[in-house]
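I am opening a fresh page for a structure that I have not looked at before. I want to note what I look up, one element at a time, before I turn to how the parts meet.

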Amino acid sequence: MKSQVFEDKNTPPEIRAYIYQQLTDLEGLLPQGSAVSITVEDKSLLPGQIKETVSPKKVIIYLETSVGNLLAEAKHKDVFKAVKKAKENLKAQLSTLQLALTRQDERANQIENIIRHPYLH
């Protein structure tokens with residue numbers, strides 16, 4: 001897996017560590033040669049914002065593959081929960097895609113089997 005993580009320079013190290021931890025949970029589902037980018041949008045980090053204001057954090061996970069791209073995003077006032085929700089969203093998309101591809105492969109194998117052995121059917 002080729003992984004690229006893009007975050008604001010002000011993103012604390014514990015949030016970056018959590019993001020990497022969540023990405024490792026997806027490794028088995030990621031297609032070969034894919035690239036992952038993550039953006040954390042936190043308006044409370046902008047200059048001039050009142051720190052007591054609890055604004056929702058938006059996390060966007062973008063997966064770039066050779067066959068297409070997937071986008072998962074989530075908002076939550078807790079950045080850790082937003083990261084987890086976005087990861088779960090992407091995981092669901094990847095599972096659905098993997099299931100669809102597996103079914104196509106099985107169907108192709110069945111057709112190939114019928115072609116090779118027409119008298120067995």
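The entries below follow the chain from its helices and strands to its core.

**Entry 1, the model.** Before anything else, I note that this is a predicted model, and I read each value below as computed from that model.

**Entry 2, helix 1.** I began with helix 1, which covers residues 13-24, and asked what its length should be at 1.5 Å a residue. For its 12 residues the expected span is 16 Å, and I found the end C-alpha atoms 17 Å apart, which agrees. I then looked up which residues of helix 1 are buried, and the list reads Ile15, Tyr18, Ile19, Gln22 and Leu23. Looking down the axis of helix 1, I see that these buried residues fall within an arc of 140°, so they line one face of the helix.

**Entry 3, the strands.** Next I followed the pairing, and found that strand 2 (residues 35-41) runs antiparallel to strand 3 (residues 57-64), with 7 bridges between the two. To fix the register in my mind I looked up Ser37, whose bridge partner in strand 3 is Tyr62. Strand 3 also pairs with strand 4 (residues 69-76), again in the antiparallel sense, over 8 bridges. Here I noted that Ile61 stands opposite Ala72 in strand 4, and that the hairpin joining strand 3 to strand 4 passes through 4 residues.

**Entry 4, Leu90.** I then picked out Leu90, which lies in helix 2 (residues 79-116), and asked whether Leu90 is buried or exposed. With a relative accessible area of 0%, Leu90 counts as buried, because the cut-off for that word is under 20%. Which residues does Leu90 contact, once its neighbours within four places in sequence are left aside? I found Leu26, Ile61, Leu63, Leu70 and Ala72, and two of these names, Ile61 and Ala72, are the residues I had just noted opposite each other in the strands. I also looked up the C-alpha atoms of Leu90 and Leu71, which are separated by 7.1 Å although the two residues are 19 residues apart along the chain.

**Entry 5, the core.** Last, I turned to the largest nonpolar core, which holds 21 residues, and asked which of them touch the most other members. The answer is Ile38, Val59 and Leu90. Helix 1, strand 2, strand 3, strand 4 and helix 2 each give at least two residues to this core, and the largest share, 6 residues, comes from helix 2.

Definitions and conventions:
Residues numbered from 1 in each chain as written. Predicted model: local features only at pLDDT ≥ 70, side-chain atom pairs only at ≥ 80, totals over all residues. Heavy atoms only, no water. Expected span 1.5 Å × (residues − 1). Buried < 20%, exposed > 50% of the residue type's maximum accessible area, 1.4 Å probe, protein only. Arc of directions from axis to C-beta. Pairing = 2+ DSSP bridges. Contact = heavy atoms within 4.5 Å. Core = buried A, V, L, I, M, F, W, Y, C linked by side-chain atoms within 4.5 Å.
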